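Trainee: I am new to this structure and would like a close look at a single part, the nonpolar core. Please take me through it slowly, and then set it beside a few other features.

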Amino acid sequence: MKKVRIGMVGYGNVGKGLVLALQQKQDFLQKEYGINFLITAIFSPSQGCAYNPEGLSLSELVEGISLKELSNCEHPAWNAVSLIQQAEIDVIVEVSSTNLNSGEPAVMHLREAILSGKHIVTCNKATGSASLQIISSACQTKQCEGRSRGNRHERNASVASRNGSAESNRNQFCPRNSQRYMQFHPV
């Protein structure tokens, strides 16, 4: 069975919803796809950081136990960037509160994840519309591909291909403001 280690940056309603969905669908995902999703690290500006390379307890998280009180895990003094750079994770799920004009701090988190060779997933609309140039530049450096899914349309765009050329047409990548998620992965 393949393990996918997830690090989460942000732990508000969206982050908690993801934890609940993973807990409820865990058996299905393992049986249907042969994938065991493990949330191994979570950073929240208000709650700090919880980390266990073998996976945090989804049941404790769903019960609403704060990150500081989770059992069987470390509580390193990491910020979001430290988590991205130091935790044993495959995917960063970026669900932090974000400035809609600048896309920060999500853009910084996504850029660090790309440059660290991590897959990324975000649902922050600002990261797709306001900051595509920064993310595209990081992708070009690491030769990644991007994928965006809108409300009714699924759009694929190669943000940076193997030959280093960048896709600059924002409308192909992020149709209007209808984006629901965006993910990048190394190729």
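Mentor:

**The nonpolar core and what lies around it**

The largest nonpolar core, meaning a set of buried Ala, Val, Leu, Ile, Met, Phe, Trp, Tyr and Cys residues joined through side-chain atoms within 4.5 Å, has 19 residues, and those with the most contacts inside it are Met8, Ile39, Ile42, Leu56 and Leu61. Two or more residues each are given to this core by strand 1 (2–9), helix 1 (13–33), strand 2 (35–44), helix 2 and strand 4 (91–94), where helices (H or I, at least four residues) and strands (E, at least two) are DSSP runs numbered from the N terminus. Before going further, please note that this is a predicted model, in which local features need pLDDT of at least 70 and side-chain atom pairs count only at pLDDT 80 or more, while totals for chains, interfaces and linings use all residues. Residues are numbered from 1 along each chain as its sequence is written, and side-chain values use heavy atoms, with hydrogens and water left out.

Ile39 gives a more detailed view: leaving aside neighbours within four places in sequence, Ile39 is in contact (heavy atoms within 4.5 Å) with Ile6, Met8, Val19, Leu22, Gly55, Leu56 and Leu58. There is also a second, separate core of 17 residues, which includes Ala80, Ile84, Ala87 and Ile120.

Helix 2 also holds Glu60, which is buried (under 20% relative accessible area, with exposed being over 50% and partly exposed in between, using a 1.4 Å probe and protein chains only). Glu60 has no salt bridge, and Lys16, the nearest side chain of opposite charge, is 14 Å away; a salt bridge would need a side-chain nitrogen of Lys or Arg within 4 Å of a carboxyl oxygen of Asp or Glu, with Lys and Arg counted as positive, Asp and Glu as negative, and His and the chain ends not counted. Not counting residues up to four places away in sequence, Glu60 touches Ile65, Leu70 and Ser71.

The loop between helix 2 (58–63) and helix 3 (80–86) contains Asn72, whose phi is near 55°, a positive value in a residue other than glycine. In contrast to the buried Glu60, Asn72 is exposed, with a relative accessible area of 67%.

For the chain as a whole, the secondary structure comes to seven helices and eight strands, and buried residues make up 45% of the 187 residues. Among contacts with a separation of 6 or more, 65% are accounted for by residues 24 or more positions apart.
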